[in-house]
Amino acid sequence: MINLTISRECLADIKSDLEIIVVIDQQWKHPFVHDKKLLKKVGFGASQDEVCLLVERSRLYVGASSLQPEALRPAIASAVRSLLGKKAYKHIKVATYLTESTSTTSLQAMVEGIRLGSYSFTTYKSKKITSAIKKVTLSLEGYQPHTLSLEEAVAALHRGEIIADATNFTRDIVNTTPDDCYPQVMATIAKKLAKHATLNCQILKPKALRAEKMESLLAVARASRHTPRVIHLSHTPKNPKAVISLVGKGLTYDSGGLSLKPADFMVTMKSDKSGGSAVLGIMKAVAELNLPIEVHGFVGAVENMIGGDAYKPDDVLIAKNGKTIEVRNTDAEGRLVLADLLCYAQQEVKADYLFDFATLTGAAVVGVGHYTSAVMGKSEEIKSLVIQGAKASGELATALDFNPYLAKTLKSEIADICNISNTRYGGAITAGQFLSEFVDTTHQAKWAHIDIAGPAFVEHPWGENPHGASGAGVRLMLHTLEQIIQAHA
Ligand code: BES
Ligand code: ZN
Ligand code: ZN
């Protein structure tokens with residue numbers, strides 16, 4: 001684990017193995033850019049995230065398009081990631097790249113970049129390539145003059161560390177293989193987390209799930225040798241400013257069930273637990289930051305498999321709220337799990353805000369790309385709250401609006417609703433509109449559904465994210481919660 005410290009000393013006085021220098025908006029004239037000629041000679045263009053290590057000078061340059069947090073975070077992360085496995089660089093120093101108006105958020109972004117960029121998942125490697133960095137010193141000597149005090153800087157560092165560590169915690173869970181991370185294991189992770197972070201934790205096993213009439217969730221789980229779990233974690237400070245429920249899809253594996261996925265599409269489906277894993281990561285940070293809000297995290301941990309006991313296309317399931325669902329495709333299983341889980345969350349907690357996170361549809365990836373989450377719901381206000389939170393966090397999110405015409409495509413001839421739409425198009429929205437059938441009238445205006453199928457798991461590094469799990473949703477929600485707290489101050 002990297003030790004991060006803030007220092008009042010100017011850069012030149014800090015001893016280190018390497019200095020990281022960020023070239024902002026190709027400002028080659030800035031005094032921090034000592035090696036302009038050499039950099040030009042080796043073809044370094046200082047474009048966003050481009051790195052250049054000058055070994056003999058003990059300097060690592062990286063480009064950033066601006067001083068804004070969303071440019072600094074990936075730049076610093078790319079610089080740190082380029083040092084993975086390089087054993088010579090144990091102590092790094094870097095100046096603070098702040099502006100008067102963004103000072104604490106930019107510093108927090110730099111800290112997040114360091115922690116997120118040094119992440120590597122090596123559980124299954126014999127030869128582990130990890131970050132050798134032991135210590136990073138951030139000098140208050142600034143790229144621009146600023147008035148950030150040591151106290152403010154330390155507080156920003158603390159927030160950045162907790163948020164990035166929670167993201168890495170989520171990444172670890174998602175990257176773990178389905179035979180090592182099945183529903184019971186997710187429940188164990190939650191229990192362990194509750195102990196460390198002082199959260200309440202309740203686990204529902206199949207018997208309790210049956211008693212709660214969660215037959216839709218149970219049907220999806222039926223063919224797996226791993227029985228399902230519902231996890232409920234809660235953070236309950238005195239006099240909370242607001243009550244928030246978080247609901248996550250935790251499909252520890254999605255084979256598609258009897259509507260089996262084609263071979264190529266099944267690979268990476270260990271990542272179908274990303275929504276639930278994000279909820280666990282968010283709860284960890286909420287507790288560590290001791291946020292003055294009551295937060296409940298619900299995770300539906302289930303494996304979708306095939307077998308003689310599998311649920312089938314043609315089955316009709318009765319969800320917890322009594323609605324009947326005609327199953328026409330067993331690969332649209334996430335919404336069946338979330339239907340019951342949303343009902344359970346609303347029964348247990350009357351929340352001011354209700355958010356769900358899910359790798360729900362391939363259509364979301366087709367619609368908005370690999371890097372962006374799709375935000376849906378019936379309240380413009382809640383959708384824009386989440387999108388603002390995403391912006392502040394460095395995650396990408398955009399709204400997909402519901403409409404009454406797509407809602408009709410979920411009609412069933414024999415049950416209350418179908419689990420798939422009768423059209424190939426607009427699949428992310430129809431999935432969201434399906435979920436809305438399980439959000440009661442008191443929660444409709446408080447709810448947002450966040451489809452993280454695009455960014456949750458990408459097989460190449462991008463920005464501050466490595467190969468594999470990104471921890472999508474964690475930073476987005478923590479920044480959204482921050483805004484909720486400010487609004488209720
Ligand atoms: N887990 C998948 C969605 C998914 C696809 C996530 C690709 C990440 C990457 C979900 O359970 C699923 O299979 N959805 C189907 C729905 C369809 C049958 C209506 C899909 O998107 O194809
Ligand atoms: Zn599926
Ligand atoms: Zn799925």
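Donors here are N, O and S atoms within 2.8 Å of the metal (3.2 Å for Na, K and Ca), and since water is not among the atoms, sites may look incomplete. With that in hand, the donors of the zinc ion (ligand 3) run along the chain as K-x4-D-x17-D-x60-E. This is a predicted model, where local features need pLDDT of at least 70, side-chain atom pairs count only at pLDDT 80 or more, and totals for chains, interfaces and linings use all residues. Residues are numbered from 1 along each chain as its sequence is written, chains are lettered from A and ligands numbered from 1 in the order in which they are written, and side-chain values use heavy atoms, with hydrogens and water left out.

**Zinc ion (ligand 3)**
- Lys249 (NZ), Asp254 (OD), Asp272 (OD) and Glu333 (OE) coordinate the zinc ion (ligand 3), at 1.9 to 2.4 Å.
- Its six donor atoms make angles of 77 to 172 degrees, and the site is octahedral; for six donors, that label needs opposite donors over 155 degrees apart and all other angles between 65 and 115, while anything that fits no named geometry is irregular.
- Aspartate 272 sits in the loop between α8 (263–266) and α9 (274–288), and glutamate 333 in the loop between β12 and α10, 61 residues apart, so this pair links distant parts of the chain (helices are DSSP runs of H or I, at least four residues, and strands runs of E, at least two, numbered from the N terminus).
- Both aspartate 272 and glutamate 333 are buried, meaning under 20% relative accessible area, with exposed being over 50% and partly exposed in between (1.4 Å probe, protein chains only).

**Zinc ion (ligand 2)**
- Here the coordination comes from Asp254 (OD), Asp331 (O), Asp331 (OD) and Glu333 (OE), at 2.0 to 2.2 Å.
- The six donor atoms span angles of 71 to 167 degrees, and this site counts as irregular.
- Along the sequence, the donor residues of the zinc ion (ligand 2) are spaced D-x76-D-x1-E.
- Aspartate 254 lies in strand β9 (residues 243–254) and aspartate 331 in the loop between β12 (324–326) and α10 (334–348), 77 residues apart.

**The shared aspartate**
- The two zinc ions, ligand 3 and ligand 2, lie 3.2 Å apart, bridged by aspartate 254.
- Aspartate 254 is buried at 3% relative accessibility, whereas aspartate 331 is partly exposed at 23%.

**On the surface**
- Leucine 258 is in the loop between β9 and α8, and is partly exposed at 42% relative accessibility.

Methods. Tetrahedral: all angles 85-135°; square planar, octahedral: opposite > 155°, others 65-115°.
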